[in-house]
Amino acid sequence: MSLTRSVLDNVLAHIQQALPDYSVQLMPNNFKNYQFVHPLGAVLIGYQRSKFSKPCTTDLITQERRLQLRFTVFARALGDEGGALDLLDSLRLALVGFQPHHCQQIRLLSERFLGEADGVWCYRLCARTETLQVEQRPVVNQQNLVKSIPTRGEIKAKAISQSVTSKE
């Protein structure tokens, strides 16, 4: 499984647990055909984009990867209990500081009103987390690598033998 999908699945499980009264799911493949049917509200979680830092190279290329996540919120009311404003407040509280696997803690970036149609209020919340993107390289001769690392016993024996030799 890809890292991006793993992060989305981890955030999905966390938000589903934090918002049990609402529908929480990943963004569908065809958003235009999405039908909001939940009686209170829904949150759709999507991956928006990544930005990368300049590469840092010693032997392997490493770059900071900043993942931007998008949360689309639907609600049947605005200010009523369980409406869009309550859902947004709860979503923000659940997201800020949550740390997906292999990432830094989530921070919020922006929030905006997308519109209202037929009594359904829609907002978008954007958040960000960081991870490290590392060049993938095949391991060359892993057997010799393991053999070249001395064990504790070998280090101790060498230290004792050097101690005895230096005293003579």
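This is a dialogue between a student and a tutor about reading a predicted model of a protein chain.

Student: Where should I begin, and how many helices and strands are there in the protein chain?

Tutor: Begin with the secondary structure, and keep in mind throughout that the model is predicted. The protein chain has 4 helices and 6 strands, and along the sequence they follow the pattern α-β-β-β-β-α-β-β-α-α. Of the 168 residues in the protein chain, 32% are buried.

Student: What share of the contacts in the protein chain comes from residues 24 or more positions apart?

Tutor: Among the contacts with a separation of 6 or more, residues 24 or more positions apart account for 56%.

Student: How do I read the packing of two helices, such as H1 and H2?

Tutor: Two packed helices are described by the angle between their axes and by the distance between those axes. Here helix H1, residues 3-18, and helix H2, residues 84-95, have axes that come within 10 Å and cross at roughly 130°. H1 and H2 are therefore oblique to each other, because an angle over 145 degrees would be needed to count as roughly antiparallel, and 65 to 115 degrees to count as roughly perpendicular. The crossing of H1 and H2 is right-handed.

Student: Which residues make the contact of H1 with H2?

Tutor: On the side of H1 they are Val 11, His 14, Ile 15 and Ala 18, while H2 contributes Leu 91, Ala 94 and Leu 95. By type, the residues of this contact divide into 6 nonpolar, 1 polar and no charged.

Student: Could we follow one residue of that contact: is Ile 15 buried or exposed?

Tutor: Ile 15, which is found in helix H1, has a relative accessible area of 0% and is therefore buried. Leaving out residues up to four places away in sequence, Ile 15 touches Val 24, Ile 45, Leu 91, Ala 94 and Leu 95. Take Leu 91 from that list: Ile 15 and Leu 91 are 76 residues apart along the chain, and their C-alpha atoms are separated by 7.4 Å.

Student: How do I read a pair of aromatic rings, and how many aromatic pairs does the structure hold?

Tutor: A pair of aromatic rings is described by the distance of the centres and the angle of the planes. The structure holds 6 aromatic pairs. In one of them, Tyr 34 and Phe 74, the ring centres are 5.3 Å apart and the planes stand at 35°, so the pair is tilted. This pair links distant parts of the chain, since Tyr 34 lies in the loop between strand S1 (23-26) and strand S2 (41-52), whereas Phe 74 lies in strand S4, 40 residues apart. Tyr 34 and Phe 74 are both buried.

A further pair is formed by Phe 113 and Trp 121, whose ring centres are 5.9 Å apart with planes at 40°, so this pair is tilted. Phe 113 has a relative accessible area of 42% and is therefore partly exposed, and Trp 121, at 23%, counts as partly exposed.

Student: Which residues do ring pairs link into a cluster?

Tutor: The cluster consists of Phe 31, Tyr 34, Phe 36 and Phe 74, linked by ring pairs. Phe 31 also appears among the contacts of Thr 72, a residue of strand S4, which spans residues 61-75. With a relative accessible area of 0%, Thr 72 is buried. Leaving aside neighbours within four places in sequence, the contacts of Thr 72 include Met 27, Ala 42, Val 43, Leu 44 and Cys 122.

Student: What can you tell me about a strand residue such as Lys 51, and which residues does Lys 51 touch?

Tutor: Lys 51 is found in strand S2 and, at a relative accessible area of 43%, is partly exposed. Apart from residues up to four places away in sequence, Lys 51 touches Glu 64, Arg 65 and Arg 66. Between Lys 51 and Arg 65, 14 residues apart in sequence, the C-alpha to C-alpha distance is 5.9 Å.

Student: Where in the chain is His 102, which has a positive phi although it is not a glycine?

Tutor: His 102, with a phi of about 65°, is found in the loop between H2 and strand S5 (107-117), and at 62% relative accessibility His 102 counts as exposed. Asp 118 is another residue other than glycine with a positive phi, near 55°. Asp 118 is found in the loop between S5 and strand S6 (120-134), and counts as exposed at 80% relative accessibility.

Terms used
Residues numbered from 1 in each chain as written. Predicted model: local features only at pLDDT ≥ 70, side-chain atom pairs only at ≥ 80, totals over all residues. Heavy atoms only, no water. Buried < 20%, exposed > 50% of the residue type's maximum accessible area, 1.4 Å probe, protein only. Contact = heavy atoms within 4.5 Å. Phe/Tyr/Trp six-rings, centres within 6.5 Å; stacked < 30°, edge-to-face > 60°. Axes fitted to C-alpha atoms, helices over the stretch in contact; angles between N-to-C directions. Parallel < 35°, antiparallel > 145°, perpendicular 65-115°, else oblique. Left-handed = near helix turned anticlockwise from the far one by under 90°. Nonpolar A, V, L, I, M, F, W, Y, C, P; charged D, E, K, R; others polar.
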